[in-house]
Amino acid sequence: MTDVVIGSGPSGVSVATALLRRGRQVLMLDGGRTLGPETQDRKGRMAASDPSEWSAEDLGDWQAPQFDSPPGQVRRYGSDFAMEPGQETFVRPQGIGLRASHATGGLSNLWGAAVLPNRAADMADWPIGIDELAPHYQAVAEFLPVSGRTDDLQDVFPAFPMQGLSALSHSPQAGRILDRLNRSKADLADMGVRSGASRLAVNPGCRYCGQCLHGCPWGLIYSATQSLDNLFRHAGFQHRTGLVRRFEEAGSHVALTLADGEILRAGRVFVATGVLETARLLLASHPDQSRKLRLQDSQHLFLPSLHRWRVSPRPDQRPYHTLPQIFVEVDDPQISPYLVHSQIYTWNEFYAHDLITRYGAKLPGSAPLWNMLARRLIVAQVFLHSAHSPQIELSLAPDGRLSPSVLPNSATHGVMKAASSRLAQVLNKAGCTALTFASRPGEPGSSFHTGGSVPMSRNPVPGQADTLGRPRGLERVHIVDASCLPSIPATTITFTVIANAHRIGSLAPED
Ligand SMILES: Cc1cc2nc3c(=O)[nH]c(=O)nc-3n(C[C@H](O)[C@H](O)[C@H](O)COP(=O)(O)OP(=O)(O)OC[C@H]3O[C@@H](n4cnc5c(N)ncnc54)[C@H](O)[C@@H]3O)c2cc1C
Ligand code: SF4
């Protein structure tokens, strides 16, 4: 009987790739939302000309819908297709930054593309070791492009060697920061700090047009839809649209009930619906066994700073990209037994736009001042391990949506304060003055580095899964998205989710 993969985001395409390699038959289901034809046309028109030919009006039209996004909503290509509005998922979305996707390709249509493997020590308490994941990081790199270079971060993350890969060119601002960090290497090492070029899932051929946060006109930022295109070439692969509402395992098959009432039978089911939809599916399918699920989160914070060197060349003039430029890892047991991960962003158009929107109205005529400040702004995004972060408890509301409540973590404030003050020291060495008074923590879930609601365990108890992602009591249902991770390290989540989904797809029983 056919295997069914529910979801076509990064975890779905990864498990499907592994299953197809083993000669299995795969039917993939997803919510089916895609860019509309009008948006496709606009994207095509932008991609048809060289960035040097884009007029100010072209750029204004391309960027305006993203600037107008409501709070909490992330838009690309002027469309909300990839992110469900909060009220579709939650009875009370207020205070929760996490969102679900019903798109083909899932949230990877709009993600930040930062990719790192886990550090071995950060998963020492997992039931699988880094050696079990390492071959799958390599395997998924056959369909997920990774740009980056061999540098000081290599020793921290040996599970994925960067030899032979090339990195995107960093912005001139990032170049200056990296030079200064290199010159202070010894001091930084004493502070437990290593830094290097960001690792990004971006295809070769970047045009350095700077539109990464609005939607890449050439589709060079990896999206799972690119892997889906490859899956269509397999004779054993089928794909269709259909939201799954619940499942029931009965002997040698699993029955899936779709939103329109249709029932599909599968030999084995791989759930890759993203952590919120997976929670909803589990709660709807097993209301007694799992009345409440707890999502683990990676708390994050934005730390702005101003560089002290003269603005030259102007950072808002091409060529440049606006994805994370530099990764900084802090390994200091005084702050946390786990790595603290930071991503450094240099100039992007949101800086000036946000400053003018926030403060410009109060000071008429002050736009040039904010534009000038924006050209000096460098922002670090600091992430903590889930052990120091709040959790989000989810239960099923009578109308089928999720009812969330935040469970604060008493350690968050202290660990984040210590971590951001270490980052401020790093930024200072890099020639930037951190504006710690203006730092801004994200709402729970807003890092989108969230999961661990049904953590894998060697000896699962109710509410946990085995090392193949099967919730206790189920034989034929495997959870392969971030829901089955035992914890959420501060380093980026998706590379590990994809590798783990590939591992499960490679090991799942044959029958
Ligand atoms: C703005 C933003 C930036 C991010 N940046 C990064 C980053 O830089 N690095 C990083 O590691 N991670 C990042 N992430 C997180 C990353 O996008 C997710 O970890 C990743 O997309 C999860 O993949 P997934 O396949 O598990 O789920 P998703 O991408 O959520 O895909 C879910 C799939 O399931 C389908 N689906 C949902 N419900 C149902 C249902 N009931 N029935 C059938 N199909 C269903 C959807 O259509 C979709 O195909 C970011 C996320 C956001 C929003
Ligand atoms: S800079 Fe960003 S948007 Fe422009 S081509 Fe490169 S990846 Fe795409």
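Let's start at ligand 1. A backbone N or O atom of Leu-107 sits 2.9 Å from one of the ligand's oxygen atoms. Keep in mind that this is a predicted model. Ala-113 does something similar: a backbone N or O atom there lies 3.2 Å from an oxygen atom of ligand 1. Then comes a side chain. An N or O atom in the side chain of Thr-494 is 2.8 Å from a nitrogen atom of the ligand. How much of the ligand's area does the protein bury? Taken alone, ligand 1 exposes 990 Å², and the protein buries 93% of that.

Now the shell. How many residues surround ligand 1? There are 35, and the closest are Ser-11, Ala-103, Gly-112, Val-244 and Thr-494. Sort the shell by class and you get 16 nonpolar, 16 polar and 3 charged residues. Two elements each give at least two residues to that shell: helix α1, residues 10–21, and strand β2, residues 26–30.

Next, helix α1. Is α1 largely enclosed or open? Of its 12 residues, 11 are buried, so the rest of the structure largely encloses this helix. The buried set runs Pro-10, Ser-11, Gly-12, Val-13, Ser-14, Val-15, Ala-16, Thr-17, Ala-18, Leu-19 and Leu-20. Does the length fit or clash? At 1.5 Å a residue, α1 should span 16 Å, and its end C-alpha atoms are 17 Å apart, which agrees. Just after α1, Gly-23 takes a positive phi of about 80 degrees.

Stay in α1 and look at Pro-10. Why does Pro-10 count as buried? Because its relative accessibility is 15%, and the cut-off for buried is under 20%. What does Pro-10 touch, beyond residues up to four places away in sequence? Gly-105, Ser-108, Ala-224, Thr-494 and Ile-498. Thr-494 is a name you have heard: its side chain also reaches a ligand nitrogen, at 2.8 Å. One more distance for Pro-10. Leu-144 is 134 residues away in sequence, yet the two C-alpha atoms are 9.2 Å apart in space.

Compare that with another pair. Gly-210 and Val-497 are 287 residues apart along the chain, and their C-alpha atoms are separated by 28 Å. Where is Gly-210? In the loop between β3 (193–197) and α8 (224–231). Gly-210 has 1% relative accessibility, so it counts as buried. Its contacts, leaving aside neighbours within four places in sequence, are Tyr-320, His-321, Thr-322 and Glu-349.

A second loop residue: His-449, between β17 (440–441) and β18 (450–451). His-449 is at 11% relative accessibility, so this residue also counts as buried. Set aside neighbours within four places in sequence, and His-449 is in contact with Gln-296, Asp-297, Ser-298, Phe-383, Ile-488, Ala-490, Thr-491, Thr-492 and Ile-493.

Last stop, helix α12. It has 18 residues, 412–429. At 1.5 Å a residue the span should be 26 Å, and the end C-alpha atoms are 26 Å apart, which agrees. Which residues of α12 are buried? Thr-412, Val-415, Met-416, Ala-419, Ser-420, Arg-422, Leu-423, Ala-424, Val-426 and Leu-427. Look at the spacing in that list. An α-helix has 3.6 residues a turn, so residues three or four places apart point the same way. Finally, just after α12, Gly-431 takes a positive phi of about 90 degrees.

Conventions
Residues numbered from 1 in each chain as written. Chains lettered and ligands numbered in written order. Predicted model: local features only at pLDDT ≥ 70, side-chain atom pairs only at ≥ 80, totals over all residues. Heavy atoms only, no water. Near = heavy atom within 4 Å. Polar contact = N/O pair within 3.5 Å; in protein donor to acceptor, adjacent residues only side chain to side chain. Areas by Shrake-Rupley, 256 points an atom, 1.4 Å probe, with all protein chains shown as cover. Helix = DSSP H or I, 4+ residues; strand = E, 2+ residues; numbered from the N terminus. Nonpolar A, V, L, I, M, F, W, Y, C, P; charged D, E, K, R; others polar. Buried < 20%, exposed > 50% of the residue type's maximum accessible area, 1.4 Å probe, protein only. Contact = heavy atoms within 4.5 Å. Expected span 1.5 Å × (residues − 1).
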